[in-house]
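Please open the model in your viewer and keep the sequence panel beside it. The tour starts at a single residue and then widens to the whole chain.

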Amino acid sequence: MSSAKAEMESHRESFNVRRMLDGELYIFDEHNEALQRKAQDLVREFNACADPGRSDEILTELLGSRGESCTMMPTIGFDYGWNTFAGENFYANMGLIVLDVVPVTIGDNCFFGPRVTLATASHPIAPGPRAEGLEFGKSITIGNNVWLGAHVVVNPGVTIGDNAVIGSSSVVTKDIPAGVVAAGNPCRVIRRIEPAEVKAWEEKVEDYRKARG
């Protein structure tokens with residue numbers, strides 16, 4: 001078990017951490033701070049690291065789980081790290097931010113453009129409770145083969161279906177079904193990805209491979 005995950009286990013049963021993980025209202029306290037501090041140490045090391053081997057080790061220690069192929073370009077930012085679960089063949093371009101107070105699940109073969117934000121954290125709409133520091137989280141789930149364009153923001157509680165493409169600078173406030181192109185603020189489905197379109201791209205790939213030899 002990594003030191004980050006061991007740290008998590010040592011604080012899991014504290015009142016506010018337990019409520020955070022359950023998606024209930026909680027207040028950030030010394031136990032949450034201790035967990036976040038460990039993640040921030042790893043994030044800072046990753047962002048300053050010039051050794052690809054060590055960078056890979058840091059991602060293994062930081063994340064809840066990851067595929068064998070997992071690439072994140074610095075800089076990155078995580079609240080906790082161990083609440084994020086990345087699938088196989090994951091690539092995130094520069095500036096990824098993940099507020100993972102509750103689980104963030106990313107499927108296989110997902111590509112993120114620069115400055116993508118996944119934010120599970122939320123606050124009460126009522127100003128009084130919000131001023132008291134109360135917050136909560138709703139999990140984010142991203143399916144297989146999803147492409148998020150540059151500057152996409154995914155809000156708390158959202159699920160994005162397999163094979164979806166989300167256009168640049170979209171703010172995803174509601175679930176997006178599988179196999180569509182969606183974009184906008186708020187993000188809306190523009191069209192389905194048709195089989196003929198997929199076939200045309202596969203043919204282009206075959207042409208590329210033949211030209212390459």
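**From one serine to the whole chain**

Begin by selecting S55, and then add F46 and C49 to the selection, since S55 touches these two residues when those up to four places away in sequence are not counted. Keep in mind as you look that this is a predicted model.

Now extend the selection along the chain to residues 52-62, which form helix α4, the helix in which S55 lies. Is S55 buried or exposed? S55 has a relative accessible area of 12%, and because buried means under 20%, it counts as buried.

Next, select E135 together with S55 and draw a line between their C-alpha atoms: the two residues are 80 residues apart in sequence, and the line spans 32 Å in space.

Then show the whole protein chain as a cartoon, where you can look for 6 helices and 19 strands. The radius of gyration of the chain is 19 Å, close to the 17 Å that the globule rule gives for 213 residues, so the chain is as compact as a globular protein of that length. Turn the model along its principal axes, and the C-alpha atoms fill a box of roughly 60 × 45 × 25 Å.

With the surface switched on, you are looking at an accessible area of about 11,000 Å², of which 54% belongs to carbon and sulfur atoms, while buried residues make up 41% of the 213 residues.

Finally, colour the charged residues: the chain has 21 positive and 29 negative charges, and the mean positions of these two groups are 6 Å apart.

Methods:
Residues numbered from 1 in each chain as written. Predicted model: local features only at pLDDT ≥ 70, side-chain atom pairs only at ≥ 80, totals over all residues. Heavy atoms only, no water. Helix = DSSP H or I, 4+ residues; strand = E, 2+ residues; numbered from the N terminus. Rg over C-alpha atoms; globule rule 2.2 N^0.38 Å. Buried < 20%, exposed > 50% of the residue type's maximum accessible area, 1.4 Å probe, protein only. Areas by Shrake-Rupley, 256 points an atom, 1.4 Å probe, with all protein chains shown as cover. Lys, Arg positive; Asp, Glu negative; His and termini not counted. Charge placed at Lys NZ, Arg CZ, Asp CG, Glu CD. Contact = heavy atoms within 4.5 Å.
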